[in-house]
Amino acid sequence: MRHQRKWLGWVGVATPTRVVVAYPGESRELNVVVKGPKSHVVEVVVKGLPERVAIAIISPDKSVAPFTSTITVKVSPGAPPGSYPFELAVYDATEEELLGESP
């Protein structure tokens, strides 16, 4: 029987809040600490961020756990003001399953 994994048990996001504030033309970095499952290949994905507003660069986007991934969110210079929610998703590529998502 497989164990149900909990998001917070496997991944930590090193940000003071769950809101990223940036103005057009700026960049912000988030560090994602992927704790496990140890020795599995794990992938970090950003979902739902409109390309016309910002792009997310993930480095590394996939590695053997544990590792730390840096997400750089680059806001387009012409981005209209507003709130743009996006999600972080973490996949266990070894077992081909979703470990969790977080807005």
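## Exercises: salt bridges, strands and surface

At 33% relative accessibility, Arg-28 counts as partly exposed. The terms work like this: buried means under 20% relative accessible area, exposed means over 50%, and partly exposed lies in between (1.4 Å probe, protein chains only).

This is a predicted model, where local features need pLDDT of at least 70 and side-chain atom pairs count only at pLDDT 80 or more, while totals for chains, interfaces and linings use all residues. Residues are numbered from 1 along each chain as its sequence is written, and side-chain values use heavy atoms, leaving out hydrogens and water.

### Exercise 1: Opposite charges

Find which residue forms a salt bridge with Arg-28, then find the partner of Glu-101.

**Solution.**
- Step 1. Recall the rule: a salt bridge is a side-chain nitrogen of Lys or Arg within 4 Å of a carboxyl oxygen of Asp or Glu.
- Step 2. Side chains of opposite charge can pair when their charged atoms come close.
- Step 3. The partner of Arg-28 is Glu-26, with the closest N and O atoms 3.0 Å apart. Glu-26 is partly exposed, because its relative accessibility is 27%.
- Step 4. Glu-101 pairs with Lys-47, and here the closest N and O atoms are 2.3 Å apart. This pair links distant parts of the chain: Glu-101 sits in strand 8 and Lys-47 in strand 3, 54 residues apart.
- Step 5. Check the cover. Glu-101 has a relative accessible area of 35%, so it is partly exposed. Lys-47 is partly exposed too, at 28%.
- Step 6. Check the total: a search of the whole structure finds two salt bridges.

### Exercise 2: The elements of the chain

How many helices and strands does the chain have, and in what order do they run?

**Solution.**
- Step 1. Know what counts: helices (H or I, at least four residues) and strands (E, at least two) are DSSP runs, numbered from the N terminus.
- Step 2. Count them: one helix and eight strands.
- Step 3. Read from the N terminus: α-β-β-β-β-β-β-β-β.
- Step 4. Look at the whole chain: 31% of its 103 residues are buried.

### Exercise 3: A sheet of four strands

Work out the strand order of the open sheet and name its edge strands.

**Solution.**
- Step 1. Strands of a sheet pair through backbone hydrogen bonds, either parallel or antiparallel. Two strands count as paired if DSSP finds at least two bridges between them.
- Step 2. The order is 5-3-7-8, and the pairing is antiparallel.
- Step 3. The edges are strand 5 (62–64) and strand 8 (97–102), since each pairs on one side only.
- Step 4. Take strand 3 (residues 41–47) and strand 7 (residues 87–92): they are joined by six bridges. Val-42 has Asp-92 of strand 7 as its bridge partner. Val-46 has Leu-88.
- Step 5. Move on to strands 7 and 8, which pair over five bridges. Here Leu-88 stands opposite Ser-102.
- Step 6. Look at the turn. The hairpin of strands 7 and 8 has four residues between the strands, and Glu-96 takes a positive phi near 55 degrees.

### Exercise 4: Two residues and their neighbours

Thr-72 and Asp-61: is each one buried, partly exposed or exposed? Which residues does each touch?

**Solution.**
- Step 1. Contact means heavy atoms within 4.5 Å.
- Step 2. Place Thr-72: it lies in strand 6 (residues 67–75). Its relative accessible area is 16%, so Thr-72 is buried.
- Step 3. Leave out residues up to four places away in sequence. Thr-72 then touches Ser-27, Arg-28, Glu-29, Ile-55, Ala-56 and Ile-57.
- Step 4. Place Asp-61: it lies in the loop between strand 4 (54–59) and strand 5. At 38%, Asp-61 is partly exposed.
- Step 5. With residues up to four places away again left out, Asp-61 touches Val-42, Glu-43 and Val-44.

### Exercise 5: A nonpolar patch

Which residues make the nonpolar surface patch? Is Val-19 buried or exposed?

**Solution.**
- Step 1. Patches are made of residues with over 30% relative accessible area and no salt bridge; like charges are joined within 9 Å, and nonpolar side chains (Val, Leu, Ile, Met, Phe, Trp, Tyr) within 5 Å. Accessible areas come from the Shrake-Rupley method with a 1.4 Å probe; for residues, only the protein chains shown count as cover.
- Step 2. Val-19, Val-21 and Tyr-23 make the patch, of about 340 Å².
- Step 3. Val-19 lies in the loop between strand 1 (11–14) and strand 2 (27–34). Its relative accessible area is 58%, so Val-19 is exposed.
- Step 4. For the whole chain, about 6600 Å² is exposed, and carbon and sulfur atoms supply 55% of it.
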